[in-house]
Structure formats: C-alpha cells, structure tokens
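Open the model in a viewer and keep the selection tool at hand. Each stop below says what to select and what to look for there.

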Amino acid sequence: MKKFLLIALFCVISTIVFAQNFKYAFVTDTHVGTATGEEDLRRTVSDINTQKDIDFVLITGDITEMGTNDELKLAKKILSGLNKKYYIIPGNHDTGWSESGGVSFIKEFGNDKFTFDYNGYRFIACASGPYVRMSDGHIPRDATVWLDNILKKTPADMPIVFINHYPIDNSLDNWYEAIDRLKKKNIQYAICGHGHQNKAYNFEGIESTMGRSNLRAKDSIGGYNIVNMTKDTAYFATKRPTQDLLPSWRKIPLKTFVNQTIKSYERPDYSVNQKYNNVKEVWTYHSNANVVNTPVYNANYVFFGNSIGLIEALNIKTGNKIWSYQTGGAIYSSPLVSGNLLIFGSGDGHIYALNVANGKVKWKIKTDNAVLGSPILKDGVVYIGGSDNCFRALEANTGKQLWKFNEVEGTIVGKPLIYENKVIFGSWGRHLYALDVKSGQLVWNWNNGSPNRMFSPAMATPVATKGIVFIATPDRFLTAIDSKVGTTLWRNKEATVRESIGLSTDSSFVYGKTMQDEIVAYETQKTDPGIAWRHKAGYGYEHTPSDLIEKDGKVYFGTKNGVVYAIDPKTKQNLWLHKIDNSMINTMRMINKNILASTMDGKVTLLQAQ
C-alpha cells in the first residue's frame with residue numbers, strides 16, 4: 001500500500017512539474033546586414049530583457065543577410081546582450097553565401113544545431129542549407145545522423161518541439177527525413193522561420209508555426225513572437241518592441257501525438273530507375289555529412305571532402321572506405337590529384353596536400369580565411385582561390401607560394417579555368433578575373449554591370465574556345481567575353497541559363513542548363529548566334545550549379561532533385577535517367593564509360609550504363 005501511494009505521489013509531482021507554465025521568445029529572420037537589421041535586433045533584445053517572465057529565447061535562422069564573418073560577429077555581439085539564455089540555428093542566408101562554409105557560424109555560436117530539455121519538454125533544432133551555392137533547402141546529412149542519435153535517447157512519451165529554419169515541407173529537399181523520424185515520437189509541434197510571416201501549418205499531422213521576421217519591413221518597428229506553454233495549450237502572440245503583447249493569433253493543443261496512417265503522403269519517386277533499368281549503381285557510399293564538391297579519382301581511389309571537414313578515400317572498384325583525414329573546417333573545395341598528392345582547401349583556412357595512399361599530410365599552408373575554392377593544376381603548379389580575397393599559385397610538390405594576387409573582391413568558391421596563359425575565375429564580389437599564370441598580374445576583370453553581388457560569377461565555371469570565354473551568371477545571361485581583353489562580345493538571355501554550362505568535345509557548341517526543363521546549345525562564335533537548338537529534357541524547375549559534361553557523343557548533367565540525365569545532342573533525346581537521391585547532384589566526372597556522381601546529402605555513386 002505504501003509503495004502504491006509513493007508511486008501515485010510521484011506521478012502527481014511529475015504531472016505538476018511537467019504542467020508548469022513557461023514562456024519563450026521566438027525570434028527569426030533578423031537579417032543583420034540589411035538596412036534595419038541591426039537596429040531591429042537591438043530593439044528586440046532590449047524588449048526581451050524587460051520581460052521577467054520569459055524563460056529563454058529561440059532564434060530560428062537567417063540571423064544575417066549574407067553570412068559574412070563581420071555580420072556574424074555583429075549579430076553575436078548584439079545577442080550577447082540578452083539577459084536570457086538563447087538557442088540559435090542558421091538559415092539559408094547564413095550558409096548559402098557563407099565565406100567560411102558555415103565554419104564561422106559555429107565558431108561564433110558554438111554549434112549549428114542544439115537540443116535541451118525544459119519542464120519535461122525536449123527542444124531539438126537542426127541547421128538547414130543550402131551551403132555555399134544555390135539549391136533547395138536541406139537538413140544537412142550530419143544533422144540527420146545527429147537527430148537519429150538524439151531521438152534514440154528520447155523516451156517514447158517525452159513531448160518534443162522541433163525547430164528548423166525552413167518549414168518541414170518540400171521546400172526542404174529531405175523534409176520527409178525529419179517528418180518520418182518525428183512521427184515515431186511524441187512530437188507536439190514544430191516552429192520555423194524563412195517566410196517572414198506569422199502562419200499556421202500542419203505537416204502530415206504535425207502542427208507547426210512559422211514566425212514573422214524580426215525586420216520592420218515596410219512598418220516602423222519590427223517584432224517577434226512570445227510562446228506561452230500551458231498545461232494543455234501552446235499560445236503564440238506577436239510582440240513588438242515597447243508595445244503591448246498582442247492577442248494570441250495561434251494556439252496548438254498539447255497532447256500525446258498519434259501518427260495518422262490512413263492518408264499517404266508525398267515522397268520522392270524513384271520509378272524512373274525501373275524505366276531505365278539499363279543503368280546500374282556499381283556501388284554507392286553514404287558519407288555522414290554533406291558532399292558539395294566534385295570527387296576526383298586515380299587508378300585506385302575516389303577522393304572527396306564533406307561538410308564536417310573530412311576527406312575520404314574509397315576503393316574505386318568497391319566503394320569501400322580506405323582512409324580518411326579530418327580537417328578543422330567544412331570542405332567545399334573539389335580536390336585534385338597531382339602524382340601521389342591530393343590537394344584541396346578547407347574551411348579551417350588551410351590548403352592541404354595529402355599522400356593519396358594513406359592520407360598523411362605532405363604539406364599544408366595557412367591562409368587568413370576559409371579556402372572554399374577548388375584548385376586546378378598545370379605544369380606542376382596549383383592555382384586556388386580563398387575567402388581572404390586572395391588567389392594563389394603554389395608549387396604542387398612542396399606548397400611553396402609562387403605568387404599571390406590579393407585584390408579579389410569577395411569570396412572565391414568556384415573552380416578556375418586556365419586558357420591562353422591566363423587563369424580565369426569568379427568571386428562573390430561581382431567580378432570575373434583573368435591573371436597571368438606566370439606572374440599573377442591582373443590582365444583584365446569583367447562584371448555584368450550590376451551592383452548586386454547576388455549576380456556575381458562566383459559559381460559560374462568558365463569554359464573557353466576560339467578566343468572566347470563563356471560564363472552563365474545568376475542574372476540568367478549566357479555571356480561571351482573576349483579572352484584577350486575581357487570585353488563583352490555578346491550576352492543572351494533567351495533561355496535563362498543559370499551557372500550551369502559545358503563545352504562540347506569538339507568545341508563547336510557551348511551547352512546550357514536552363515531554369516525550366518530545357519538543355520540549350522549555342523554555337524561558339526564571337527557574335528551572338530542565338531540558340532542553335534533546344535531539348536526539352538523535362539527535369540522541371542532547376543537552379544543548382546552543376547555543369548554539363550560531354551563524352552562519347554553523350555551529354556551528362558545532374559539536377560537539384562538527385563537525377564542524372566544522359567542525352568543525345570544530335571537526336572535531342574533523353575537516353576536515360578537515374579535518380580540517386582532527392583538532393584542536388586554536383587558536377588560529375590567520367591571514369592571511362594562510367595559516371596562518378598556525388599550529392600549534397602553525402603552520397604557518392606559510380607553509375608554504369610549498359
């Protein structure tokens with residue numbers, strides 16, 4: 001009897017503890033770096049500090065406008081003024097154009113994800129990309145691995161609040177990975193930002209709330225939400241600095257979650273792989289973090305880096321991991337092989353050369369910022385750009401610096417081209433640069449005339465032939481530039497080609513991937529030829545930078561939803577399609593007649609078409 005009474009008393013006490021009311025501030029989309037972002041955030045911090053009944057603060061991404069180191073430092077300084085504990089994750093603005101590949105966010109705030117328990121509730125937050133380039137939203141692969149571990153340790157009946165910058169719908173290319181995991185637990189609701197408005201959602205039975213941006217926008221003052229957690233209801237109400245709390249605009253019942261299985265929900269469709277069953281995956285390796293670079297290979301191995309700073313080497317025949325090497329920052333640099341060396345840059349601010357056989361460091365050099373750019377090799381010299389406004393030429397065998405050009409505006413994240421004794425590359429500082437390969441002296445620079453850095457040729461990989469350099473920038477023009485002097489020869493916007501182009505093997509055509517369904521071709525000439533031909537490939541809306549590769553009369557490219565296409569440029573037909581996963585495919589490489597592909601979600605695959 002006494003034992004029963006003790007158990008009953010414990011249950012009552014537990015219920016009382018779990019049922020205690022608490023409040024938190026829900027702040028999102030502060031966009032420090034915009035015209036009013038700093039002032040609006042300072043006002044909100046000051047306003048929160050006046051409210052004694054707020055227990056903590058959740059900040060759900062797009063903390064800054066461009067994710068620069070200076071913006072992040074300023075945001076951290078302002079948020080350090082809070083007299084409440086705060087928890088924070090990045091949004092796409094903090095990662096998509098980050099000069100550090102997300103490293104600086106983690107340095108400033110300690111992590112890009114979090115979990116904590118409060119009054120019996122478990123709060124879990126994941127980061128979301130894209131990282132360094134344009135793509136769909138994406139919960140990073142390392143975050144889903146982490147989420148699995150957290151949920152495994154979470155009791156089945158423990159109430160959960162999930163936090164993400166994006167809504168957990170198909171604006172994230174892997175939304176279902178979060179939903180399917182959360183529905184197995186006692187999820188109460190999710191919160192998000194991104195849309196800059198207060199809005200109620202329901203994702204497959206999971207209640208969710210989008211919060212308004214902290215920016216004032218067209219108003220005179222910004223605002224945020226206060227969430228009041230009672231025994232049975234979560235109430236959301238808008239608070240504007242120095243003004244009274246507005247009436248609740250949203251309420252969510254708090255109760256044991258029951259997964260509704262009657263209705264089927266959208267999931268990625270892989271049926272195209274059955275239609276084109278002549279294409280096989282020789283092997284597939286799934287890294288534990290995002291892969292946002294193009295793998296390289298030699299006779300024995302495939303090499304690539306991931307977003308938690310790991311370089312991995314796989315057996316080229318089996319896909320089994322042979323060795324790995326951990327750097328101190330995210331790797332978005334596509335590596336190159338030079339003899340027995342593997343050379344690449346890291347977000348930790350170093351350029352590395354590893355032994356290809358065992359991953360041991362042969363040399364490394366330190367720079368003043370992250371190195372996200374990809375290297376290129378010619379005559380024993382490595383050319384590579386970084387986020388310290390510098391482009392370097394290094395002796396491949398020793399790492400000795402031969403020259404450094406330190407007048408680059410903006411961050412370098414792409415791959416350069418060597419053509420006519422010039423090394424040509426773009427940056428997020430609006431310009432395309434051409435430097436003399438021997439001296440590093442500026443030969444010319446080019447920009448599209450727009451002051452908007454969002455139209456920069458940073459992710460545009462240039463190609464060249466016949467004295468013409470071709471690029472496609474985010475302003476959706478295909479541009480032809482005189483390779484000798486850097487003047488514009490012509491610009492064509494008929495097909496809305498964005499960043500993804502390629503040169504035919506005979507150099508007669510430059511191919512472009514448009515933003516809607518079509519592959520186009522232009523003759524390589526110095527006057528605007530117009531579009532030579534169009535092929536409706538049918539991939540839908542497309543905005544990821546993934547170049548087109550031609551080999552043996554076939555053109556290959558990847559899409560934002562994980563599909564590899566092979567087309568015949570002569571007959572203008574799709575030859576085959578193969579879906580690897582549901583995230584962005586990076587520029588691919590050909591290994592004889594096989595295709596080596598990597599995806600943002602960390603899959604590296606060797607495809608073989610019969």
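Start with Ala 25 and Val 57: Ala 25 stands opposite Val 57, which belongs to strand β2. This is a predicted model. Extend the selection to strand β1 (residues 22-27) and β2, which pair in the parallel sense over four bridges.

Now keep only β2, residues 56-60. Five of its five residues are buried, so the strand is largely enclosed by the rest of the structure. Show the side chains: Phe 56, Leu 58 and Thr 60 point one way, Val 57 and Ile 59 the other way, and all are buried. Such alternation between the two faces of the sheet is what a regular strand shows.

**The α2/α3 pair**

Select helix α2 (residues 37-49) together with helix α3 (residues 69-79); their axes come within 9 Å and cross at roughly 20°. An angle under 35 degrees counts as roughly parallel, so α2 is roughly parallel to α3. The crossing of the two helices is right-handed.

Which residues of α2 and α3 meet? From α2, pick Glu 38, Leu 41, Arg 42 and Val 45; from α3, pick Leu 74, Ile 78 and Leu 79. By class, this contact of α2 with α3 has five nonpolar and two charged residues, and no polar ones. The spacing of such positions can be read against the helix repeat: an α-helix has 3.6 residues a turn, so residues three or four places apart point the same way.

**The six-stranded sheet**

Next, display β4 to β9. These six strands form an open sheet in the order β4-β5-β6-β7-β9-β8, with mixed pairing. At its edges are β4 (114-118) and β8 (199-203), each of which pairs on one side only. Neighbouring strands here are turned by 20° against each other on average, direction ignored.

Within this sheet, select β6 (residues 159-163) and β7 (residues 186-192), a parallel pair with five bridges. Ile 160 is a useful marker: Ile 187 in β7 stands opposite. Then add helix α6 (residues 141-152), which packs on the sheet and touches β4, β5 (121-125) and β6. The direction of α6 makes about 170° with that of β5.

Go to the loop between β5 and α6, where Pro 130 is found. Is the peptide bond from Gly 129 to Pro 130 cis or trans? This bond is cis, with omega near 15°. Most peptide bonds are trans, by contrast.

Helix α7 (residues 175-182) is the next selection. Six of its eight residues are buried, so α7 is largely enclosed by the rest of the structure. The buried ones are Trp 175, Tyr 176, Glu 177, Ala 178, Ile 179 and Leu 182. To see what covers the buried residues, show the surrounding elements, which include α6, β6, β7, β8 and β9 (206-210).

**Two loops with positive phi**

Move along the chain to Asp 379, in the loop between β22 (376-378) and β23 (381-385). Phi of Asp 379 is near 50°, a positive value in a residue other than glycine. With a relative accessible area of 66%, Asp 379 is exposed.

Then select Glu 420, in the loop between β26 (417-419) and β27 (422-426). Glu 420 also is not a glycine, and has a positive phi of about 50°. Its relative accessibility of 32% makes Glu 420 partly exposed. For background, most residues other than glycine have a negative phi.

**The four-stranded sheet**

Display β34 to β37, an open antiparallel sheet in the order β34-β35-β36-β37. The edge strands are β34 (497-503) and β37 (533-541); each has a single partner strand, so one side of each is left without a neighbour in the sheet. From one strand to the next, the twist averages 25°.

Zoom in on β34 and β35 (residues 509-514), which pair in the antiparallel sense over four bridges. Here Ile 501 stands opposite Gly 512 in β35.

**Last stop: Gln 608**

Select Gln 608 in strand β44 (residues 603-609). At 31% relative accessibility, Gln 608 is partly exposed. What does Gln 608 touch, leaving out residues up to four places away in sequence? The answer is Asn 278, Val 279, Lys 280, Val 282 and Asn 594. Finally, draw a distance from the C-alpha atom of Gln 608 to that of Leu 394: the two residues are 214 apart along the chain, and these atoms are separated by 36 Å.

Methods. Residues numbered from 1 in each chain as written. Predicted model: local features only at pLDDT ≥ 70, side-chain atom pairs only at ≥ 80, totals over all residues. Heavy atoms only, no water. Pairing = 2+ DSSP bridges. Axes fitted to C-alpha atoms, helices over the stretch in contact; angles between N-to-C directions. Contact = heavy atoms within 4.5 Å. Parallel < 35°, antiparallel > 145°, perpendicular 65-115°, else oblique. Left-handed = near helix turned anticlockwise from the far one by under 90°. Nonpolar A, V, L, I, M, F, W, Y, C, P; charged D, E, K, R; others polar. Buried < 20%, exposed > 50% of the residue type's maximum accessible area, 1.4 Å probe, protein only.
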